[in-house]
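This briefing introduces a structure to a reader who has not met it before. Please look over the sequence and the model first, and then follow the notes below, which are grouped by topic.

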Amino acid sequence: MSLWPADVQERAKELIGRYPDPKSAVMPLLYLAMRQDGYLTEAGMGEVAGWTGHTPAQVQSVATFYGMFKTEPLGQYLVSVCTSISCMLLGGDDVLEAVEEATGVPHGETDAERLFSVEHVECLGACGGAPAVQVNYELIEGSTPDQARALCRWLQDERPEVVNTDDMQERFGGRRSFDWAIAESENAVGPYPAFGPYGTTPGGEV
Ligand code: FES
């Protein structure tokens, strides 16, 4: 018996129907579970196990392998700093240190107030605009340590409900990899990924 609301159950059925084997839907369903609770709880992972036919241990092994699945509660702002090779060569480690200092939160942790979570991440695919930073998966390219500190101060003082990549790029970014051209329309309202096709867009259709 599922604990999910009827609309989420419908979405789960629809997602499972896309695959020849329900087990293959484990990742989209983990995103649904994450949206339900804000992170992957034991109950949420158990729910996914029930829907897909995996054991809870199998679901947990998937959830803990991929960095975008979170098994702990996050802060309102998840600040991710790339420290892979291109970003490292252009100061990614210094940007990470600046973020850790400005927020008081070391990599992999969340503050007691649940305002900031900080993490270093592998290549974000924005190497041409290194060093790359994300807030709630909204990208900022070419940031410096000073800009990263200013970004954290701004988040702390303004507490924007929605963060937008174009806005943050203009305020706290530097050299872009290329002109992205199409303006963002959805933006991020939470620290978990908003994937429309999986029905995880915050505030959107499930
Ligand atoms: S190495 Fe940082 S975005 Fe690719």
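**Helix α6 and its surroundings**

The buried residues of helix α6 pack against β1, α5 (85-89), β3 (116-121), β4 and α7 (145-158). The model is a predicted one, and the points below take up α6 itself, then strand β4 with its partners, then a pair of helices, and finally one residue of α5.

**Helix α6**
- The residues of α6 that are buried are Gly-92, Val-95, Leu-96, Ala-98, Val-99, Glu-100, Ala-102 and Thr-103.
- Helix α6 covers residues 92-103, and because each residue should add 1.5 Å, its 12 residues are expected to span 16 Å, which agrees with the 16 Å between its end C-alpha atoms.
- Directly after α6 comes Gly-104, which has a positive phi near 75 degrees.

**Strand β4 and its partners**
- In a regular strand, side chains alternate between the two faces of the sheet.
- Strand β4, made of residues 132-135, is covered on both faces, since Ala-132 and Gln-134 on one side are buried, as are Val-133 and Val-135 on the other.
- With strand β1 (residues 77-82), β4 forms an antiparallel pairing over 3 bridges, and within this part of the model Val-81 has Val-133 of β4 as its bridge partner.
- Strand β5 (residues 138-141) also runs antiparallel to β4, to which it is joined by 4 bridges, and here Gln-134 stands opposite Leu-139 of β5.
- The hairpin of β4 and β5 has 2 residues between the strands, and Asn-136 in this hairpin adopts a positive phi near 50 degrees.

**Helices α2 and α4**
- Helix α2 (residues 26-37) packs with helix α4 (residues 56-65) at an angle of about 80 degrees, the two axes being 11 Å apart.
- Because angles from 65 to 115 degrees count as roughly perpendicular, α2 and α4 are therefore described as roughly perpendicular to each other.
- On the α2 side the contact is made by Val-26, Met-27 and Leu-30, and on the α4 side by Val-59, Val-62 and Ala-63.
- The residues of this contact between α2 and α4 comprise 6 nonpolar, no polar and no charged.

**Met-88 in helix α5**
- Met-88 is placed in helix α5, and it counts as partly exposed because it has 16 C-beta neighbours inside 10 Å, whereas a residue needs 20 or more to be buried.
- Apart from neighbours within four places in sequence, Met-88 is in contact with Thr-83 and Asp-93.
- Although Met-88 and Ala-130 are 42 residues apart in sequence, their C-alpha atoms are 8.3 Å apart in space.

Notes:
Residues are numbered from 1 along each chain as its sequence is written. This is a predicted model: local features need pLDDT of at least 70, side-chain atom pairs count only at pLDDT 80 or more; totals for chains, interfaces and linings use all residues. A residue is buried if 20 or more other C-beta atoms lie within 10 Å of its own, exposed if 12 or fewer, and partly exposed in between; C-beta atoms are placed from the backbone. Two strands pair if DSSP finds at least two bridges between them. Axes are lines fitted to C-alpha atoms, for helices over the stretch in contact, and angles run from 0 to 180 degrees between N-to-C directions. Angles under 35 degrees count as roughly parallel, over 145 as roughly antiparallel, 65 to 115 as roughly perpendicular and the rest as oblique. Two residues are in contact if their C-beta atoms, placed from the backbone, lie within 7 Å. Ala, Val, Leu, Ile, Met, Phe, Trp, Tyr, Cys and Pro count as nonpolar, Asp, Glu, Lys and Arg as charged, and the others, Gly among them, as polar. The expected span of a helix is 1.5 Å times one less than its number of residues.
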